[in-house]
Amino acid sequence: MSVDEIITLDYGSGGKKTSRLISDEILPRLENPALSELGDGAVLPGADRLVFSTDSFVVTPLFFPGGDIGKLAVCGTVNDIAMCGGEAKYLSLSLIIEEGLPVADLRRVMDSVQRAAAGAGVQVVTGDTKVVERSRGDGLYINTAGIGFLRHPGLSPKNMCEGDAVILSGTAGDHGAAVMLARGGLLDAGEAVESDCAALGALAEAVLSSGAEVRCLRDPTRGGVATTLCEFAESSGLGMELFETDIPVRPAVRAACSLLGLDVLYCANEGKLLAVVSAETAETALAAMRATDAGRDAAVIGRVSGADGGRVVLRTAAGGGRILQKLAGAQLPRIC
Amino acid sequence: MCLAVPLKIVEIDGKNGVGEVEGLRRRMRLDFIKEPRIGEYVIVHAGFAIERLDEEQAKADIAEWNEVRDALL
Amino acid sequence: MPCSELRLMEVCGTHTMAIARAGLKSLLPEGVKLLSGPGCPVCVTPPEVMDAVLELAMRPGVVTATYGDLVRVPGSRRGDSLARRRALGARLLVVYSPMDAVDWAAEHPESEVVFLGAGFETTAPGTAAAILDAAERGVPNFSVFSMLKRVEPALRALIASEGFNVQGFLCPGHVASITGAESFRFLPEEYGLPAVVAGFEPGDILSALRRLIELARSGAAALENRYERAVSPHGNALALAAMERVFEPRRDIWRGLGEIEASGLGIRPQFAAHDAERRLGVEIPPAAGSGGCRCGDVITGRSEPRDCPMFGGACTPEDPLGPCMVSSEGACAAAYKYEGV
């Protein structure tokens with residue numbers, strides 16, 4: 001007997017169906033010695049300093065151009081570890097499935113988890129599965145936690161100095177725009193706008209081992225580039241000056257934002273990082289980033305200014321200046 | 001409450017049409033455009049084309065903006 | 001050359017937003033002040049009308065279809081918005097076009113779909129077309145709660161109001177696409193105020209402002225159309241006809257301006273079946289206090305956002321007291337989010 005075509009509550013019972021779900025749909029894709037034990041936890045070889053992070057993923061729709069919730073769940077946690085200077089090694093994977101989810105969808109997600117984990121060089125070593133009643137979840141929620149080995153200690157916005165360069169590793173706002181468009185009804189984007197969802201381990205390693213003086217890294221996910229830079233400014237007490245014309249944005253993403261009334265600087269990214277590096281080594285950092293897949297379009301978008309007292313100022317294309325604040329509430333499509 | 005964007009008409013089916021910008025396609029209504037033609041630009045607000053966009057004038061405007069920007073106010 | 005301060009007003013909330021986003025205020029010459037007018041439909045909607053909307057949204061079977069703009073607007077009770085009502089069980093459909101709401105209603109005949117028709121003349125024709133479409137296609141479960149407003153009566157009331165001190169208007173380009181540039185001729189002719197119709201790109205706004213400053217400084221009461229690529233002298237006849245067919249002017253209440261004759265658009269009796277007010281018996285509760293918020297003064301240019309004691313402290317975009325802070329195009333939200341440098 002194989003798994004039914006849709007998930008029912010029975011698959012969360014902890015009984016035979018749960019076992020079958022795990023043995024048929026999960027293990028074959030993620031098999032490794034630690035996971036195959038199916039113990040309550042995984043016993044792992046260690047290192048002296050670890051990076052530990054967790055993230056939960058709720059996204060509608062589950063599949064969108066450029067990615068899906070499975071890829072997102074792996075990359076999201078891997079990226080959080082990479083931004084701390086860690087090399088991600090192990091992940092946990094918890095699935096909260098709404099009954100009625102087609103098993104075909106679950107398979108697609110698990111295939112994607114497998115690909116993303118292999119690509120990022122991490123193993124899923126422990127996990128859990130629960131099933132909730134229909135209409136009590138958006139098909140599937142995923143939580144991942146990750147452990148990495150610390151390779152580059154000491155990254156912090158507190159290291160920032162006046163004059164440092166602010167580098168964005170590629171185009172802004174792709175993921176936020178893609179998901180908003182994929183919600184349907186609004187626009188038919190075709191493939192014009194794709195999520196940038198990607199693991200950033202290789203990119204982070206490239207810049208951190210390039211010899212550049214890297215002060216800090218962070219991936220501007222929810223809240224976008226603007227919110228992350230406000231966080232940098234807040235924790236360092238230093239201001240920043242950004243140049244709108246230097247911020248890479250895909251034309252289709254720009255168009256989508258203007259159609260939906262969104263601000264691209266507040267749209268989420270899932271495959272980009274912001275790096276603050278010393279002005280003298282900015283070119284070194286940039287060259288190292290551009291040599292990687294995920295950092296091809298990297299650009300210096302601004303600099304750390306002492307004078308602005310913790311404010312992030314955007315010099316606009318029109319020649320004006322405005323202060324950027326953290327995102328207040330989720331962006332909604334608007335007609336105003 | 002007047003956010004509106006220029007789209008190029010790429011499909012017409014009675015009062016319904018499809019507008020395009022940068023590879024993005026948006027269904028829109030053409031109720032208010034007399035004899036719309038494929039390839040024309042319209043200004044679209046809340047799913048309705050509210051007016052034709054004069055392409056020649058649009059080009060002249062962009063040229064003027066650069067001038068204004070250089071001279072500032 | 002020192003000269004007295006020139007006070008200009010952008011009427012349209014979309015201008016307010018575009019100006020703030022591009023940081024254009026930092027480019028204004030010395031002695032020129034740009035004020036925000038009553039051109040954000042969310043901001044001019046009084047709290048008691050939002051209260052009626054919130055009550056409606058909670059009725060069994062009702063699905064409220066709305067533009068994203070209205071989701072966080074509070075009623076007279078702080079924090080009470082459609083977003084909060086959704087968390088309490090109200091069904092909310094965020095749409096981008098009224099046609100999306102008609103289509104959804106046609107697919108869900110068991111639901112009572114109420115579309116919140118907020119906006120000015122730019123938005124009114126599409127709302128009219130949606131009602132006409134629902135009537136034609138026979139979608140009985142679609143109705144519109146009209147909060148639609150007209151720009152001209154509000155500008156007249158504003159100019160006549162006490163303490164009015166503005167020397168020129170930046171006129172709303174997309175309203176003018178519908179009503180025509182000539183619909184703002186009354187500003188120079190009847191009130192001696194220069195007026196320039198402007199588009200929404202930073203270049204459009206700068207170019208129109210430059211012209212408006214020239215006109216105002218030279219004392220020339222003239223109307224100019226600087227958005228000719230999308231605005232004709234007499235507007236869009238088809239759109240005006242649809243609006244005229246479905247709506248009729250009625251007395252309406254504006255935050256900050258009070259009741260103004262013929263300033264709102266009500267649905268004509270022959271479309272009563274698609275008029276949420278008649279169909280579902282909506283009562284607007286009596287006006288409530290403003291809770292110390294000075295949105296009314298901000299909307300009429302008597303105060304700037306920073307003059308309000310609540311600004312940035314008790315009233316922020318995360319926890320707004322008044323609509324000027326909640327609406328993305330509200331003057332307070334624009335000032336808070338995109339403070340000029």
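**β-α-β unit, chain A.** I began with the crossover in chain A of this predicted model. β4(A), helix α4 (residues 103–120) and β5(A) make a β-α-β unit, and the unit is right-handed. I then looked up the strand pair. β4 of chain A covers residues 86–98 and β5 of chain A covers residues 123–132. The two run parallel, joined by 9 bridges. For a register point I noted A:Ser94, which stands opposite A:Asp128 in β5(A).

**Domains, chain A.** I looked up how chain A is divided. Domain 1 takes 9–150 and domain 2 takes 157–324. Over C-alpha atoms, their centres are 28 Å apart. I then asked how many residues of each domain of chain A are in contact with the other. Domain 1 brings 22 residues and domain 2 brings 23. On the domain 1 side, the elements giving two or more residues are α3 (69–83), β4 and α4 of chain A. So β4 and α4 of chain A turn up again here, as they are also part of the β-α-β unit. α3(A) gives the largest share of that side, 8 residues. By class, I recorded 12 nonpolar, 8 polar and 2 charged residues on the domain 1 side.

**Mixed sheet, chain A.** Next I traced an open sheet of 7 strands in chain A. The order is β8-β10-β7-β11-β9-β12-β13, and the pairing is mixed. Why is one side of β8 and β13 of chain A left without a neighbour in the sheet? β8 (214–218) and β13 of chain A stand at the edges and each has a single partner strand, so one side of each has no neighbour there. From one strand to the next the twist averages 25 degrees.

I picked one pair from inside this order. Strand β9 (residues 239–243) and strand β11 (residues 299–305) of chain A run antiparallel, with 4 bridges between them. A:Met240 has A:Val304 in β11(A) as its bridge partner. Helix α9 (residues 282–290) of chain A packs on the sheet. This helix touches β7 (165–168), β8, β10 (274–277) and β11 of chain A. Its direction makes about 10 degrees with that of β7(A).

**Parallel sheet, chain C.** I moved to chain C and checked confidence there. The mean pLDDT of chain C is 91, and 97% of its residues reach 70 or more. An open sheet of 5 strands follows the order β2-β1-β7-β8-β9, with parallel pairing. Which strands of chain C are at the edges? They are β2 (32–36) and β9 (223–225), each pairing on one side only. The twist averages 20 degrees from strand to strand.

I looked closer at the β1–β2 pair of chain C. Strand β1 (residues 6–10) of chain C runs parallel to β2(C), and 5 bridges join them. C:Glu10 stands opposite C:Ser36 in β2(C). Helix α1 (residues 13–21) of chain C lies across β1, β2, β7 (168–172) and β8 (195–198) of that chain. The helix runs at about 115 degrees to β1(C).

**Contacts with chain C.** I took the two partners of chain C in turn. The model as a whole scores ipTM 0.92 and pTM 0.88. For chain A with chain C, the contact takes 18 residues from chain A and 31 from chain C. Strand β13 (residues 321–324) of chain A gives the most to the chain A side, with 3 residues. This β13 of chain A is also one of the edge strands of the mixed sheet. The chain A side has 9 nonpolar, 7 polar and 2 charged residues.

For chain B with chain C, 26 residues of chain B are in contact with 42 residues of chain C. Two or more residues come from each of β4 (41–45), β5 (48–52) and α1 (55–71) of chain B. α1(B) gives the largest share of the chain B side, 7 residues. The classes on the chain B side are 15 nonpolar, 3 polar and 8 charged.

**Backbone exceptions.** I closed with a look at backbone geometry. Most residues other than glycine have a negative phi, and most peptide bonds are trans. Where does a cis peptide bond occur? I found one joining A:Thr60 and A:Pro61, with omega about -5 degrees. A:Pro61 lies in the loop between β1 (50–57) and β2 (63–64) of chain A. In chain B I noted B:Glu22, a residue that is not a glycine yet has a positive phi of about 50 degrees. B:Glu22 sits in the loop between β2 (16–21) and β3 (24–29) of chain B.

Key: Residues are numbered from 1 along each chain as its sequence is written. Chains are lettered from A and ligands numbered from 1 in the order in which they are written. This is a predicted model: local features need pLDDT of at least 70, side-chain atom pairs count only at pLDDT 80 or more; totals for chains, interfaces and linings use all residues. Two strands pair if DSSP finds at least two bridges between them. A crossover is right-handed if, with the strands pointing away from the viewer, the path from the first strand over the helix to the second runs clockwise. Domain bounds come from an automatic or database domain assignment. Two residues are in contact if their C-beta atoms, placed from the backbone, lie within 7 Å. Ala, Val, Leu, Ile, Met, Phe, Trp, Tyr, Cys and Pro count as nonpolar, Asp, Glu, Lys and Arg as charged, and the others, Gly among them, as polar. Axes are lines fitted to C-alpha atoms, for helices over the stretch in contact, and angles run from 0 to 180 degrees between N-to-C directions. pLDDT is the predictor's confidence in each residue, from 0 to 100.
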